[in-house]
Amino acid sequence: MRVMAQMSMVMNLDKCIGCHTCSVTCKQAWTNRSGVEYVWFNNVESRPGQGYPRTYEDQDRWQGGWTRTRSGRLKPRAGGRIKKLLSIFANPKLPAMQDYYEPWTYDYEHLLTAPAGGTDTPVARPKSLLTGEDTKVTWSANWDDSLAGGNEIAAGDPVLRQLSDQVRQEYEKAFLFFLPRICEHCLNPSCAASCPSGAIYKRAEDGIVLVDQDRCRGWRMCVTGCPYKKIYFNHRTGKAEKCTFCFPRIEIGQPTICSETCVGRLRYLGLMLYDADRVGAAAAVKDEHDLYDAQRSVFLDPHDPEVVAAARAADIPDDWITAAQRSPIWDLIMKYEVALPLHPEYRTMPMVWYIPPLSPVVDILRDTGHDGEDLNNLFGAVDALRIPVDYLAGLFTAGDPGPVTGVLQRLAAMRAYQRRINLGEERDESLASTVGMTGQQMDDMYRLLAIAKYEERY
Amino acid sequence: MAGAAEGAGRALLAVGGLVRRAEVSADGRTLHQIGGREADAFYRDRWSYDKVVRSTHGVNCTGSCSWKVYVKDGIITWEQQQTDYPSVGADRPEYEPRGCPRGAAFSWYTYSPTRVRYPYARGVLVEMFREAKARLGGDPVAAWADIQADPERRRRYQRARGKGGLVRVSWDEAQEIVAAAHVHTIARHGPDRVAGFSPIPAMSMVSHAIGARFLSLIGGSMLSFYDWYADLPVASPQMFGDQTDVPESGDWWDASYLVMWGSNVPVTRTPDAHWMAEARYRGQKVVVVSPDYADNVKFADEWLPAQPGTDGALAMAMGHVILKEFFVDRSTPRFADYVSRFTDLPYLITLEPVEGGGHRPGKFVTAADLGEAGAEAAFRPVVWDTVTDAPAVPNGSLGDRFGEAGAGRWNLDLGAIVPRLGCAGGAAVQVALPRFDNDTPELMTRGVPTVRVAGRLVTTVYDLMLAQYGVSRPGLPGVWPSGYDDPAVPYTPAWQEPITGVPAAAVARIAREFADNAERSGGRSMILMGAGTNHWFHSDTTYRAMLALTTLTGCQGVNGGGWAHYVGQEKCRPVTGWSHLAFALDWVRPPRQMIGTAFWYLHTDQWRYDRYSADVLASPHAKGEFTGRHTADLLAKSARLGWMPSMPTFDRNPLDLAEEARAADPDDPAGYVARELADGRLGFACADPDAERNWPRVLTVWRANLLGSSAKGNEYFLRHLLGTDASLRARETEPDKRPRDVVWHDEAPEGKLDLLLSLDFRMTSTTLFSDVVLPAATWYEKHDLNTTDMHPFIHAFTPAISPPWQTRTDFDAFHGIAKVFSELAGPRLGVREDLVAAPLLHDTPDAMATPGGVVRDWKTGEAPAVPGRTMPKFVVVERDYGAVAAKLGALGPLLDKLGTTTKAVTVDVKPEIEFLKKVNGTVRGGVADGRPRLDTDIRACEAILALAGTTNGRVATEGFEFLERRTGRKLADLSAEHEGKQIRFADCQSRPVPVITSPEWSGSEHGGRRYSPFTINVERLKPWHTLTGRQHFYLDHDWMQELGEELPVFRPPLDMHKLFGEPRLGGNGELELTVRYLTPHSKWSIHSEYQDNLIMLTLSRGGPTMWMSEADAAKIGVTDNEWIEAVNRNGVVVCRAVVTHKMPEGTVYMYHAQERVIDVPKAETNGRRGGIHNSLTRLLIKPSHLIGGYAQLSFAFNYLGPTGNQRDEVTVIRRRSQEVEY
């Protein structure tokens, strides 16, 4: 057992309102400068939708992450370091400008400086920030926000395309949720493995993945290697940049900017202890559906005396161990089992996890009279939610609907359980036990998810 | 949660305690750590800063979020939300971290290229002014007069408005032009020809107050905004006698059933949305009513996709279900008790016989009908007491509110009276009730039980409600629905299905759940409503139908229950402090306050394009009050009866009129004015708004973007008010439809306004058209105060940097203008008397001017012309024009004498004045000698805080003691816990501070509970400010009867084909489509603010767009992001299409306040610059909003007035050439 510590995040998508405050505060603090106009360390995607950069989840095309060889070993999908070095001057697997967007501005000055004698109201026209020329805005970091573009764009959603019974999205069947994303600060980062210069490192003490700006030579192999496309190329400095997990803040005990400014109060930060020796094997399990459990199996219970002893032996200080014991991440992933990894099939062992969202019940439910007068039935009707479980499974469990259904059932049961308390009725333990929990756990989970005090989120 | 940020993240802090140096991992596979930490330096530097300052965002948005503004090297770098709100309870979520992406992008403006850095003026005007001034001996006022006297020069600079040509001028010159225009206008035309527009004072109270105060001191007209924005839910004054009082968002947590109805919370209440998300985990059920798959549907358990504008039908059908199942089929004790005590349901209504047999609902039976003497008797309505089995007059009505006799009796304590809910068993009589769901209004005949009282045939409001909703009881005659599945008769679930598109079964089920939850939870069912239901012509009826649901089920006045109206609502919590400063009530009363909608309707000449007579809106029962009447006629009537204010007021200068009146009748100038009016020698300006002498001349807009945001009928503004080019295509009213009492000029005026002045920090549609633009400080560059109704805290603006370049705070700008104005005005105007016409005011005895709501017009001889009864009050006030600047900067002596008054509660504030003398210091010399200084923004903040009950426990407690004497109920304990607490400005700077429970509002925060409106009414039996003192289902004013809106009723959207000849909805032939045109609030802006912000533009589509369904797009061959044009009689819009399946067919959304400054090409239609979202809209005034002088239907500023609704509009859309020109 080699105990290491990892700063991790869980986002409760069920609470995400898609406001993008996280993106803006992150942008303002970190990438509000030339060369990185198009860079969003944090972005929020509408689902269904193409994501940013568009269709980044289509690894057949972008070749990100790891693949498992027939011998059971992992190799970067785009090829190992040798192959990278051989093709270092030609990287065809890189998203192009049109896959991101051409940053633009407007000739705002014209509004003030328009001379007299004009025949019409002055207007600020869009100008490309790359060429300075007039432009028409045709794509952005968030072009398909809230289902903008409809089927024309959603049809390109790689997750939606995987659904076997894909149907055209219609007004009556519309569904929508938001997916905020930062760098996953993976336990098994394929970006680092892709870097010919060895400029990408994972901090030993907290697992934050950073690009050494001095060593980066701008080969951009990391951009290909990262399946989440969360490494960006600064076209001014010629170096790679990425989400830093706000390490200057984390180091002094402040949450990341995206977390602290999250208006939905849906982000949780915490330390996880894991066994570094088991990461490789876990990432290489044969069946993609086993990756979720495999990753959970490398996490170490910080309350386990053996783990604590091993952590101390690994020079992890006591206050860090305490932090791991208090970590809301541990509770959400391991105790309540409501958080899931994003695209475990990329085999990078991502460390930003998600609680999948509930959604309205579809008409089927109403029509069958399934709910009737009883709100509890409604809360329990996970099969009839608008967002197809398969779609969520495509994001979080490599297509296995089981864990997703389990989470949604636990959330629904929590609502039903708490409703009785809300109305002054007797607690119904059976509502907890049907989802494998106790009433006390229901209360604890409710406190963490609903009341979610600042000091309990971070 | 003391200092969440510090206490925060203890776990993280632990992590932060140690940063270990690198360790190279032995694992060759992935875990690399190479090199030192020198490479991190860039990010560490990036994160460093010099200071963090607390501020917020000052207008438009009502979020009131406290922000940390970061400053490095004297430059504002970015902002993040504060997290230090005081805790709202151990078992609840907190308010941190309030904010949204728009607010987070605000600092972009500070140094952006759209920042107004210097004063600007229209070049052509500046040249004229300089030339005239030089020619006229350097007299700026003479120079301004000279230009205005020359129609050619005047038109020349007016026509240049909005076409570039702004030039830099100095502050001195800008102030001189502005001051000269004011002095000239006051002298030549009158002070009421000067108008000011600035909305939402709560969001930066001092910035608002300083301009309003200047205008009030000179006698200018302040224009209302809440009604003009159509955000005022008129149903609130109608039902509650209150402007709008709503729960803080933390109270959503208390609801166990939440209907979000026309309010897209994640988008429009971003900082509050988490409460909704979190309350679901308590088992709150969430239902969304929205025509599109809006962002909030994601959080719903069920979605009712009602067609736009049909919400009233849905609500009426829900009411049908609730009345049937919870009142008639079985009596629900909680509901029956609640409606008996807190609503007008048990009150008796006279039934009036109608020609051809049958009856119609008439007036409330009052004590006067029972023979009681005294003026108040007509305002003391009557119930039937089951104990004595006789009529009885409960306490708490308007008749008890002001007279000596009512002292100690104005309360809701029924004593021994047990009101009978309904006359069941009495003789049945048929009443005819109007329905408007078909093309032509019809009558339905339904029976009600009756009794005889004082010789009248009467029934109760409850019986009428059951008849109106179609809830039958055995033995009653009439046409009743056969059941929920009866589609033919209002108001069954099946009846609403073809109208709304919502399945009948779903409606019945949701209504049942809503009421069942209310019963089981003690009233914790909530309806969260907004612009989607409130911006329609008939929104007052829609809201009354929705509010019927919360009131019938006993949810109003309960934490977690009732209505939660959130659009444009604000809460200037220290309202007394703000209002007395803003309207200069410390120096002179009354101020000139004008209903914005009527002002714009007349002065932008939209009335000239009304092509219908008001009787198209009337009930089949109508007596003909509206027949052949143009809306402008009704407006004129409302003005002359003193119902609503009217500015400019008379057809002459009120200074001259005052002089004339004083000369003619020194002791009774008001009587003289009344006689002159009655004899027709003096006229109201609104009866001839196009006559040159009646135009408004000077308009100042600050903290607002009138022409880019709220100006419904934008093209009418441009043509008639400003006199520049416009894309208006409407036809004027045909001769037979023109007003009778309002003069028609064959040629419509263009360019009424002499001066448009704006103060802003960015270039907007308003600054582009302004004659003078003054550079304003942003919200990170000034001191001010901020509150909202969404949370219970007051907090501060603090400058992160000094106003850069030549920008100034609004406070300093108006002081500068006032100084130059006073210098110029002193010798020219001196001390003058001014005749102010004040309307009959709510919360005063004026509200008893119209017994029975029976309209009598002095003009037609129906009543004598009596000021303050049948016409406005005429008050002569003194204006010392040379002393305006001095008065602006000092707290005046009127407060010592009169104290402060808010909602009829008067407080002696002498201790506060003494306190302010010490804190602010006193003025030395001049008219304000010895008065507390208000010469800095911080001192103005201190005055607001000291004078208001919400921020000064002594004032709150004294106010409650005043109310105790009137109500005879215990109240002062509500604030006694904070009697010694006085919030100071520095307190608001250090952390948001919870406010104190105060009689200024209707809810209690006693003991730290969440704010919910009307809890004081329900728990302490303090009456609502209505006729009965209870919540009103029934409104008996003559005009309500004319409209057939005595009771909740469904009125569909206006038919623009019938009224204006627009094409019918649907296809118009090839590649053209007529659709409903809606302008909901946007995700990427707060009104027009942030529409031009590069960060927001980058996250959205980078310019104006219109959302449409895939089906509609296909019909006209449009694909996503293609250029389209939208055209109707009001104007033209050019924008790009957003095609999506989340929109319903037949409706397009152009999100609110997309203006023409960013990426708007020229239109194919007419070759001119495409318009703003409001180029396709215009104003339409509903007559019932003009009622005044009668109980809760009495004017107060932003409390009651015609709404500037715009959602009934339609437009033609088509794909245009994809080659665009700018």
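This report describes a predicted model of two protein chains, beginning with the interface and then turning to single residues.

Because the model is predicted, local features need pLDDT of at least 70 and side-chain atom pairs count only at pLDDT 80 or more, while totals for chains, interfaces and linings use all residues. Residues are numbered from 1 along each chain as its sequence is written, chains are lettered from A and ligands numbered from 1 in the order in which they are written, and side-chain values use heavy atoms, with hydrogens and water left out.

## The interface of chain A and chain B

The size of an interface is often given as the accessible area lost when the parts come together. Between them, chain A and chain B bury about 12,500 Å², and 56% of this lies on carbon and sulfur atoms; buried area here is the accessible area, found with a 1.4 Å probe, that two parts lose on being put together, summed over both. Of the area that chain A buries against chain B, 7% comes from A:Tyr108, A:Leu112 and A:Tyr171, which is more than any other three residues supply. Counted by contact (heavy atoms within 4.5 Å), 149 residues of chain A meet 149 residues of chain B.

The rule finds 12 salt bridges across this interface, a salt bridge being a side-chain nitrogen of Lys or Arg within 4 Å of a carboxyl oxygen of Asp or Glu. B:Glu96 forms a salt bridge with A:Arg457, and their closest N and O atoms are 2.9 Å apart. There are also 57 residue pairs in polar contact between the two chains, counted where both residues have pLDDT 80 or more. A polar contact is a pair of N or O atoms within 3.5 Å; within protein, one must be able to donate a hydrogen and the other to accept it, and residues adjacent in sequence count only if both atoms are side-chain atoms.

On the side of chain A that touches chain B, helix H1 (residues 21–31) gives the most, with seven residues. Helices (H or I, at least four residues) and strands (E, at least two) are DSSP runs, numbered from the N terminus. The residues of this side of chain A divide into 76 nonpolar, 34 polar and 39 charged, where Ala, Val, Leu, Ile, Met, Phe, Trp, Tyr, Cys and Pro count as nonpolar, Asp, Glu, Lys and Arg as charged, and the others, Gly among them, as polar.

## Three residues of chain A

Is A:Gln6 buried or exposed? A:Gln6 is buried, because its relative accessible area is 0% and buried means under 20%, exposed over 50% and partly exposed in between (1.4 Å probe, protein chains only). A:Gln6 lies in strand E1 (residues 3–12) of chain A, and its side chain reaches the backbone oxygen of A:His185 at 3.1 Å. Leaving aside neighbours within four places in sequence, the residues in contact with A:Gln6 include A:Leu187, A:Lys202, A:Asp206 and A:Met351.

A:Leu94 sits in the loop between helix H3 (81–86) and strand E5 (104–106) of chain A, and it counts as buried because its relative accessibility is 18%. Not counting residues up to four places away in sequence, A:Leu94 touches A:Trp62, A:Arg220, A:Val223 and A:Thr224.

A:Val285, found in the loop between helix H11 (279–283) and helix H12 (291–298) of chain A, counts as partly exposed because its relative accessibility is 24%. Among the residues that A:Val285 touches, with those up to four places away in sequence not counted, are A:Arg68 and A:Arg347.

## Backbone features of chain B

Most residues other than glycine have a negative phi, and most peptide bonds are trans. The table lists places in chain B with a cis peptide bond or a positive phi.

| Place | Feature | Angle |
|---|---|---|
| B:Glu96 to B:Pro97 | cis peptide bond | omega about -10° |
| B:Arg589 to B:Pro590 | cis peptide bond | omega near 0° |
| B:Ser64 | positive phi | phi about 55° |
| B:Phe1014 | positive phi | phi near 70° |

B:Pro97 is placed in the loop between strand E3 (75–81) and helix H4 (101–104) of chain B, and B:Pro590 in the loop between helix H20 (575–582) and strand E20 (592–594). B:Ser64 belongs to the loop between strand E1 (51–55) and strand E2 (67–72), and it counts as buried because its relative accessibility is 2%. B:Phe1014, in the loop between strand E30 (993–994) and helix H35 (1015–1020), counts as buried at 0% relative accessibility.
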